Amino acid sequence: MASILRVNTLTDASSNNSVPMATINQGTAKAWINFDGTASGAAARGSFNLASMTDTSTGVYVCNLTNAFANTNDCVATSSASASTSGSDNRNISTTITSASAIDSRVSNAASGAVLDTAINYVSAHGDLA
């Protein structure tokens, strides 16, 4: 039999610090992905709420979510880098929630604008799930 814990506020043992449950629910990532864009088909190293990934072309990836967002007005934070420790590592990554269940990312060189595959990519999405 499943158990349910119903609380409005979480408080530490000394009752000095507390946080409303609404803050916890709204403040946690609803999806995150750590992936290698240089691997064949883009390979997730770790993830939460990721159904699959698609490498659509050089530097362009689609993260398909297991549980969809309520809409496309949510917040996505991304970062990207190469595995190299030398040379220019200045990247731009643009991300769009194209549907309630898909996040598109495009990685490019900040100086030239050329799209490129990168070894280190992070995506974190926040918002309300459907």
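The following legends describe close-up views of a predicted model.

**View 1. An open antiparallel sheet is built from strands 5, 6, 9 and 8.** The 4 strands of this open sheet follow the order 5-6-9-8, and their pairing is antiparallel. Strand 5, covering residues 50-57, and strand 8, covering residues 91-99, are the edge strands, each of which pairs on one side only. Between neighbouring strands of this sheet the turn is 20° on average, with direction ignored. Within the sheet, strand 6 (residues 60-65) is joined to strand 9 (residues 102-109) by 5 bridges, the two strands running antiparallel, and Tyr 61 stands opposite Ser 105 of strand 9.

**View 2. The hairpin of strand 5 and strand 6 has 2 residues between its strands.** Strand 5 and strand 6 are paired in the antiparallel sense over 6 bridges, and Met 53 is placed opposite Cys 63, a residue of strand 6. In this hairpin, Gly 59 adopts a positive phi near 70°.

**View 3. A second open antiparallel sheet is built from strands 4, 3, 10 and 7.** Here 4 strands are arranged in the order 4-3-10-7, again with antiparallel pairing. The edge strands are strand 4 and strand 7 (75-81), each pairing on one side only, and the twist from one strand to the next averages 10°. Strand 7 and strand 10 run antiparallel and are joined by 7 bridges; among the residues involved, Val 76 has Ala 125 in strand 10 as its bridge partner.

**View 4. The largest nonpolar core draws residues from several strands.** This core has 15 residues, of which Ile 33, Phe 35, Met 53, Tyr 61, Cys 63 and Ile 103 touch the most other members. At least two residues of the core are supplied by each of strand 3 (31-36), strand 5, strand 6, strand 9 and strand 10 (120-126). For Ile 103, once residues up to four places away in sequence are set aside, the residues touched are Tyr 61, Val 62, Cys 63, Leu 65, Val 76, Thr 95, Thr 96, Ile 97, Val 123 and Ala 125. The list for Ile 103 thus includes Val 76 and Ala 125, which are also the bridge partners shown in the preceding view.

**View 5. Phe 35 and Tyr 61 form an edge-to-face aromatic pair.** The structure holds 1 aromatic pair, made by Phe 35 and Tyr 61, with 4.9 Å centre to centre and 70° between the planes. The pair links distant parts of the chain, since Phe 35 belongs to strand 3 and Tyr 61 to strand 6, 26 residues apart. Phe 35 has a relative accessible area of 0% and is therefore buried, and Tyr 61 is likewise buried, with a relative accessible area of 0%.

**View 6. Cys 63 and Cys 75 are not joined by a disulfide.** Why do the sulfur of Cys 63 and the closest cysteine sulfur, in Cys 75, form no bond? The sulfur of Cys 63 lies 15 Å from that of Cys 75, which is too far for a bond, because a disulfide requires the two sulfur atoms to be within 2.5 Å. Seen from the other residue, the closest cysteine sulfur to that of Cys 75 is in Cys 63, at 15 Å, and this too is too far for a bond. The count of disulfides accordingly comes to 0. As for their surroundings, Cys 63 is buried, with a relative accessible area of 0%, whereas Cys 75, at 47% relative accessibility, counts as partly exposed.

**View 7. Ser 108 is a buried residue of strand 9.** The relative accessible area of Ser 108 is 7%, so this serine counts as buried. Apart from its neighbours within four places in sequence, Ser 108 is in contact with Asn 90, Arg 91 and Asn 92, and also with Gly 113, Ala 114, Val 115 and Leu 116.

**View 8. Ser 40 is an exposed residue of the loop between strand 3 and strand 4.** Strand 4, which covers residues 43-48, follows the loop that holds Ser 40. With a relative accessible area of 79%, Ser 40 is exposed, and the C-alpha atoms of Ser 40 and Asp 55, which stand 15 residues apart along the chain, are separated by 8.0 Å.

Conventions:
Residues numbered from 1 in each chain as written. Predicted model: local features only at pLDDT ≥ 70, side-chain atom pairs only at ≥ 80, totals over all residues. Heavy atoms only, no water. Pairing = 2+ DSSP bridges. Axes fitted to C-alpha atoms, helices over the stretch in contact; angles between N-to-C directions. Buried < 20%, exposed > 50% of the residue type's maximum accessible area, 1.4 Å probe, protein only. Contact = heavy atoms within 4.5 Å. Core = buried A, V, L, I, M, F, W, Y, C linked by side-chain atoms within 4.5 Å. Phe/Tyr/Trp six-rings, centres within 6.5 Å; stacked < 30°, edge-to-face > 60°.
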